[in-house]
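Trainee: I have a model open on my screen and would like to walk through it with you. Shall we begin?

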Amino acid sequence: MLGGDGTEDEPLFRPYAVTGGRAEPDYHLAMETLVSSAPIMSDDLSLLTPEQEAIIVLCHSVHSVAEISALLRVPLGVARVLVADLADEGLVRLHLPRLDQGQPDLNLLERVLSGLRRL
């Protein structure tokens, strides 16, 4: 993002500060994994970081991990850790691609392409 003087703004925080220094989640989370918000009580939102709350709000409609990263303007590793943590808490649902069938899911490819076009 450019500042008013034409120089790039420095982030207000280091992105990995929100993940406790972790660059990768405890398990592999592909960037094309689709994420949707799980139904939660509004009380649960008060315990979340602003980044986690943004992911939950964003994922009321399904987004890939890569889209979350781009839309929140955080590195992919940070988005993966935040999404995995939310999934571990049951606050988001992961829709993993079914790659064991030998053919990629056409619906998944169309969503990824659509998301890339929106960027």
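Mentor: Happily! This is a predicted model, where local features need pLDDT of at least 70, side-chain atom pairs count only at pLDDT 80 or more, and totals for chains, interfaces and linings use all residues. Residues are numbered from 1 along each chain as its sequence is written, and side-chain values use heavy atoms, leaving out hydrogens and water.

Trainee: How many bridges join strand 1 to strand 3?

Mentor: Strands (E, at least two residues) are DSSP runs numbered from the N terminus, as are helices (H or I, at least four). Strand 1 covers residues 34–37 and runs antiparallel to strand 3. Two strands pair if DSSP finds at least two bridges between them; here the number is 4.

Trainee: What is the strand order in the open sheet?

Mentor: The sheet has 3 strands with antiparallel pairing. Strand 2 (63–64) and strand 3 (92–95) are the edges, each pairing on one side only. The order is therefore written 2-1-3.

Trainee: Which residue in strand 3 is the bridge partner of Ser37?

Mentor: Strand 3 spans 92–95. There, the partner of Ser37 is Val92.

Trainee: Within what arc do the buried residues of helix 2 fall?

Mentor: In helix 2 (residues 50–58), Glu51, Gln52, Ile55 and Ile56 are buried, meaning under 20% relative accessible area with a 1.4 Å probe, protein chains only. Directions are taken from the helix axis to the C-beta atoms. The buried residues line one face of the helix, because they fall within an arc of 140°.

Conventions:
Buried means under 20% relative accessible area, exposed over 50%, partly exposed in between (1.4 Å probe, protein chains only).
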